[in-house]
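Before reading on, please take a moment to look at the sequence and the model side by side. The paragraphs below move from the whole chain to single residues.

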Amino acid sequence: MSEANPCLSCGACCAHYRISFYWGESSEAPGGYVPLEYTEKVHQHMVCMKGTNSYPPRCVALRGEVGKQVSCAIYENRPTPCREFNEYELDGTPNMRCFKLRGIVPPATI
Ligand code: SF4
Ligand code: SF4
């Protein structure tokens, strides 16, 4: 596993996928934490991060330049898909979608 966090300079996944999630995570719902103004409705039960449901997608919370230096304006309150999408899976295997987006081959795992 790499030592530096590549997400600090990457941001590719924040500008590639539609980041959709259960509406109950938005601050519109009791206990919700993703700021409502950063979301838009997908359908009755789902919302997505604004900016990711159009082409080219780019989350409105993404700051900086993809591939150079980026940050998330709502990092502490980002939705579940963002929390669960990382360079490596929980079992330590490479997240192939992440590596593919970055155009690099993952290191061999034991
Ligand atoms: S999870 Fe992967 S694709 Fe997303 S910002 Fe981090 S390194 Fe880039
Ligand atoms: S909420 Fe943050 S981590 Fe999630 S897609 Fe937007 S910028 Fe990326």
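What follows is a walk through a predicted model, beginning with the overall fold and ending with a few chosen residues.

The protein chain contains two helices and five strands, and when these elements are read along the sequence they follow the pattern β-β-β-β-β-α-α. The radius of gyration of the protein chain is 15 Å, which is close to the 13 Å that the globule rule gives for 110 residues, so the chain is as compact as a globular protein of that length. If a box is drawn along the principal axes, the C-alpha atoms of the protein chain fill roughly 45 × 30 × 20 Å.

How much of the chain is buried, and what makes up its surface? Of the 110 residues, 31% count as buried, while the accessible surface of the protein chain comes to about 7,300 Å², with 55% of that surface belonging to carbon and sulfur atoms. Contacts also tell us how the sequence is brought together in space: among those between residues at least 6 apart in sequence, 48% join residues at least 24 apart. The protein chain carries 11 positive and 11 negative charges, and the mean positions of these two sets are 7 Å apart.

A good residue with which to begin a closer look is Phe21, which has its place in strand S1. Is Phe21 buried or exposed? Its relative accessible area is 3%, and because anything under 20% counts as buried, Phe21 is a buried residue. Leaving aside neighbours within four places in sequence, Phe21 is in contact with Val34, Thr39, His45, Met46, Val47, Cys48, Met49, Pro79 and Pro81. Phe21 and Val42 are 21 residues apart in sequence, yet their C-alpha atoms are 9.1 Å apart in space.

Further along the chain, Ser26 lies in the loop between strand S1 (20-22) and strand S2 (39-43). Although Ser26 belongs to a loop, its relative accessibility is 0%, so Ser26 counts as buried. Beyond its neighbours within four places in sequence, Ser26 is in contact with Gly32, Tyr33, Val34, Leu36 and Thr39. Two of these partners, Val34 and Thr39, also appear among the contacts of Phe21.

Another loop, the one between strand S3 (46-49) and strand S4 (62-65), holds Pro56. Most peptide bonds are trans. The peptide bond from Tyr55 to Pro56, however, is cis, with omega near -5 degrees.

Gln69 offers a contrast with the buried residues, and its place is in strand S5 (residues 69-72). Its relative accessibility is 61%, and because a value over 50% counts as exposed, Gln69 is an exposed residue. Gln69 nevertheless has contacts with residues that are not its neighbours within four places in sequence, namely Leu8, Ser9, Arg63 and Gly64. The C-alpha atoms of Gln69 and Pro107, which are 38 residues apart along the chain, are separated by 23 Å.

Finally, consider the cysteines. A disulfide is a covalent bond between the sulfur atoms of two cysteines. How many disulfides does the structure hold? The answer is zero. Cys10, at 17% relative accessibility, counts as buried, whereas Cys13 has a relative accessible area of 23% and is therefore partly exposed. The cut-off of 20% falls between these two values, which is why Cys10 and Cys13 are placed in separate classes.

How values were computed. Residues numbered from 1 in each chain as written. Chains lettered and ligands numbered in written order. Predicted model: local features only at pLDDT ≥ 70, side-chain atom pairs only at ≥ 80, totals over all residues. Heavy atoms only, no water. Helix = DSSP H or I, 4+ residues; strand = E, 2+ residues; numbered from the N terminus. Rg over C-alpha atoms; globule rule 2.2 N^0.38 Å. Buried < 20%, exposed > 50% of the residue type's maximum accessible area, 1.4 Å probe, protein only. Contact = heavy atoms within 4.5 Å. Areas by Shrake-Rupley, 256 points an atom, 1.4 Å probe, with all protein chains shown as cover. Lys, Arg positive; Asp, Glu negative; His and termini not counted. Charge placed at Lys NZ, Arg CZ, Asp CG, Glu CD. Disulfide = S-S within 2.5 Å.
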